[in-house]
Amino acid sequence: MSAVEDPVAGILAALNEPQKEAAAHVHGPLIVLAGAGSGKTKMLTSRVAALMLGQRVPGHQILAVTFTNKAAREMRERVERTLHQASQGFWSAPEIGTFHAVCVRILRREQARTPFTKPFVIYDDSDQLSLLKSVVQKLG
């Protein structure tokens, strides 16, 4: 089967050897630690596509976590583009996001299993400061 016939081979062909080894890893979780500009996003995108296309892993069983919103957005776009180019349908999109975003989605989805009884809000540093200033002002 040629790379044209095998979408996974075509995806992996664009990677260097360490990237290819990581992207082809299909049994169990994988942690990738590499410096800026080393091709982590490209490798992770290729791995997600290889799992979905080659191993037929449904998207809802894949979790890809990164540190920045920019990287998460780029990964989502690349996965969608790669799957679209391979002309393969998929059951659901993989869970791709930052540590914070993924954890908040899980907490909201599983809220009934948590001690939270009402919808919750997570404040960033500036929101916390504004809230404290407002409370101090109201209390005089």
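I count a residue as partly exposed when its relative accessible area falls between the buried limit, under 20%, and the exposed limit, over 50%. The model I am looking at is predicted.

**Entry: Arg 56**

I looked up Arg 56 and found its relative accessible area to be 45%, so Arg 56 is partly exposed. Arg 56 belongs to the loop between α3 and β1. I noted its backbone because most residues other than glycine have a negative phi. Arg 56 is not a glycine, yet its phi is positive, at about 60 degrees. In sequence, this residue comes just after α3.

**Entry: helix α3**

I then went back to the helix itself. α3 covers residues 40-54, 15 residues in total. From first C-alpha to last I have 20 Å, close to the 21 Å expected at 1.5 Å a residue.

How many residues of α3 are buried? The count is 11 of 15, and I put the helix down as mostly covered. Among the buried ones are Thr 41, Met 43, Arg 47, Val 48, Leu 51 and Leu 53. Thr 45, Ser 46, Ala 49, Ala 50 and Met 52 are on that list too. I checked what the buried residues of α3 pack against, and found α1 (7-13), α2 (17-24) and α4 (69-85).

**Entry: the nonpolar core**

In soluble globular proteins, nonpolar side chains tend to be buried together. I looked for the largest nonpolar core here and found one of 20 residues. Ile 62 and Leu 83 have the most contacts inside this core. Two or more residues each come from α1, α2, α3 and α4. Which element gives the largest share? It is α3, with 7 residues.

**Entry: Gln 19**

Next I took a polar residue of helix α2, Gln 19. Its relative accessibility is 11%, so I count Gln 19 as buried. Setting aside neighbours within four places in sequence, I find Gln 19 in contact with Ser 38, Gly 39 and Met 43. A polar atom of the Gln 19 side chain lies 3.2 Å from the backbone oxygen of Ser 38. I also took the C-alpha distance from Gln 19 to Lys 40, which is 7.8 Å for residues 21 apart in sequence.

**Entry: Thr 66 and Ala 71**

Thr 66 is part of strand β1 (residues 63-66). Is Thr 66 buried or exposed? At 13% relative accessibility, I enter it as buried. Not counting residues up to four places away in sequence, Thr 66 touches Ala 71, Ala 72 and Met 75, and also Gly 97, Thr 98 and Phe 99.

Ala 71, one of these contacts, is in helix α4. Ala 71 is buried as well, with a relative accessibility of 15%. From Ala 71 to Val 102 I get 14 Å, C-alpha to C-alpha, across 31 residues of sequence.

**Entry: aromatic pairs**

I searched the whole structure for aromatic pairs and found 2. One is Phe 67 with Phe 99: the centres are 5.0 Å apart and the planes stand at 50 degrees, so I call the pair tilted. Phe 67 is in the loop between β1 and α4, and Phe 99 is in helix α5, so the pair ties together parts that are 32 residues apart in sequence. Phe 67 has a relative accessible area of 71% and is exposed. Phe 99, at 42%, is partly exposed.

Phe 116 and Phe 120 also form an aromatic pair, again tilted, with 5.1 Å from centre to centre and 35 degrees between the planes. I have Phe 116 as partly exposed at 39%. Phe 120 is buried at 13%. What sits over the ring of Phe 120? I found the charged end of Arg 108 there, 4.4 Å from the ring centre.

**Entry: Gln 111**

Last, I looked at Gln 111, which lies in the loop between α5 (99-109) and α6 (125-139). Its relative accessible area is 17%, so Gln 111 is buried. Beyond its neighbours within four places in sequence, Gln 111 is in contact with Phe 116, Thr 117, Lys 118, Pro 119 and Phe 120. The list thus takes in Phe 116 and Phe 120, the two rings paired above. Which backbone oxygen does the side chain of Gln 111 reach? That of Lys 118, at 2.7 Å.

Notes:
Residues are numbered from 1 along each chain as its sequence is written. This is a predicted model: local features need pLDDT of at least 70, side-chain atom pairs count only at pLDDT 80 or more; totals for chains, interfaces and linings use all residues. Side-chain values use heavy atoms; hydrogens and water are left out. Helices (H or I, at least four residues) and strands (E, at least two) are DSSP runs, numbered from the N terminus. The expected span of a helix is 1.5 Å times one less than its number of residues. Buried means under 20% relative accessible area, exposed over 50%, partly exposed in between (1.4 Å probe, protein chains only). Contact means heavy atoms within 4.5 Å. A nonpolar core is a set of buried Ala, Val, Leu, Ile, Met, Phe, Trp, Tyr and Cys residues joined through side-chain atoms within 4.5 Å. A polar contact is a pair of N or O atoms within 3.5 Å; within protein, one must be able to donate a hydrogen and the other to accept it, and residues adjacent in sequence count only if both atoms are side-chain atoms. Rings of Phe, Tyr and Trp (its six-membered ring) pair if their centres lie within 6.5 Å; planes under 30 degrees apart count as stacked, over 60 as edge-to-face and the rest as tilted. A charge sits over a ring if NZ of Lys or CZ of Arg is within 6 Å of the ring centre and within 35 degrees of the ring normal.
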